[in-house]
Amino acid sequence: APPPLPPPPPSPPPPPPPEGLAAGQTLDRIIRYELRDVGIHILICSASYSDREGTRRSFRKFFKFAVQNPLSMKSKTHSLSHSDEILVETQLQNATPHLLFLESVAFSPAAAFSSEPLTGELAGGGAAEGGAAEGGAAEGG
């Protein structure tokens, strides 16, 4: 199994809230946070304020959304009987309804193995966007 991914860097602190909002004025914030867990997430937005009488009030709004992995990967291994080589066959599939562009694809074997990059064509006849698709052959060591 691959090593666990490090935690994402924290978002920078937001700027301080304004002293007040005029009638019809809005307050917009963009929060950047890398979601690494697939599944249902809930974003909770809350606001606290004081009304004209000085009573402190607050409210919350919940936004529920799904995070899905855009790529599906299936792998098979094949041991060659005439040598100590193992061939690894890996299939990447776009699991989204949209076009994806792959910047690179690399095979990173465990320390006990070495690999040789292979270039090839994507299913459908075209070369991978930004270069040839890369797979690998692993050899026991």
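This note sets out, in numbered points, the main features of a predicted model of one protein chain.

1. Overall composition. The secondary structure of the chain consists of 0 helices and 6 strands. Read along the sequence, these elements give the pattern β-β-β-β-β-β. Among contacts in the chain with a separation of 6 or more, 36% are between residues 24 or more positions apart.

2. Burial and surface. The chain has 141 residues, of which 6% count as buried. Its accessible surface comes to about 12,300 Å², and carbon and sulfur atoms account for 56% of that area.

3. The hairpin of S3 and S4. How are strands S3 and S4 arranged with respect to each other? Strand S4 covers residues 85–94, and the two strands run antiparallel, joined by 9 bridges. Together they form a hairpin with 5 residues between them. Individual bridge partners can be named: Met73 is paired with Leu92 in S4, and Lys74 is paired with Gln91 in S4. As for cover, the count of buried residues among the 9 residues of S3 is 0, and the strand is hardly covered.

4. Lys76 within the hairpin. Lys76 is placed in strand S3, which spans residues 71–79. Leaving aside residues up to four places away in sequence, Lys76 touches Leu87, Val88 and Glu89. A further distance can be given for Gln91, the bridge partner of Lys74: the C-alpha atoms of Lys76 and Gln91 are separated by 8.9 Å, with their positions 15 residues apart along the chain.

5. The aromatic pair. The count of aromatic pairs in the model is 1. It is formed by Tyr49 and Phe59, whose ring centres are 6.3 Å apart; the planes stand at 65 degrees, over the limit of 60, so the pair is edge-to-face. Tyr49 belongs to strand S1 (residues 39–50) and Phe59 to strand S2, so the pair ties together parts that are 10 residues apart in sequence. Are these two residues buried, partly exposed or exposed? Tyr49 counts as partly exposed because its relative accessibility is 37%, which falls between the limits of 20% and 50%. Phe59 also counts as partly exposed, at 49% relative accessibility.

6. Ser50 in strand S1. Ser50 lies in strand S1. With a relative accessible area of 48%, Ser50 is partly exposed. Not counting residues up to four places away in sequence, Ser50 touches Thr55 and Arg56. The C-alpha atoms of Ser50 and Gly20 are separated by 10.0 Å, and these two residues are 30 residues apart along the chain.

7. Salt bridges. How many salt bridges does a search of the whole structure find? The search finds 2. In one of them, the side chains of Glu34 and Arg36 meet, at 3.4 Å from N to O. Glu34 is partly exposed, with a relative accessible area of 45%, and Arg36 counts as partly exposed at 33% relative accessibility. Arg57 forms a salt bridge with Asp51, and here the closest N and O atoms are 3.0 Å apart. Arg57 is partly exposed, its relative accessible area being 42%. As general background, side chains of opposite charge can pair when their charged atoms come close.

8. A nonpolar surface patch. Which residues form a nonpolar patch on the surface? The patch is formed by Ile31, Tyr33, Leu35, Leu43, Phe63 and Phe65, and together these residues have about 590 Å² of accessible area. One of them, Phe63, is found in strand S2, which spans residues 56–67. Phe63 is partly exposed, with a relative accessible area of 39%; this is over the 30% required of a patch member, so Phe63 meets that cut-off.

9. Summary for the reader. The predicted model is a chain with 6 strands and 0 helices, in which 6% of the residues count as buried. Strands S3 and S4 form a hairpin, while the aromatic pair links Tyr49 in strand S1 with Phe59 in strand S2.

Key. Residues are numbered from 1 along each chain as its sequence is written. This is a predicted model: local features need pLDDT of at least 70, side-chain atom pairs count only at pLDDT 80 or more; totals for chains, interfaces and linings use all residues. Side-chain values use heavy atoms; hydrogens and water are left out. Helices (H or I, at least four residues) and strands (E, at least two) are DSSP runs, numbered from the N terminus. Contact means heavy atoms within 4.5 Å. Buried means under 20% relative accessible area, exposed over 50%, partly exposed in between (1.4 Å probe, protein chains only). Two strands pair if DSSP finds at least two bridges between them. Patches are made of residues with over 30% relative accessible area and no salt bridge: like charges are joined within 9 Å, nonpolar side chains (Val, Leu, Ile, Met, Phe, Trp, Tyr) within 5 Å. Accessible areas come from the Shrake-Rupley method with a 1.4 Å probe; for residues, only the protein chains shown count as cover. A salt bridge is a side-chain nitrogen of Lys or Arg within 4 Å of a carboxyl oxygen of Asp or Glu. Rings of Phe, Tyr and Trp (its six-membered ring) pair if their centres lie within 6.5 Å; planes under 30 degrees apart count as stacked, over 60 as edge-to-face and the rest as tilted.
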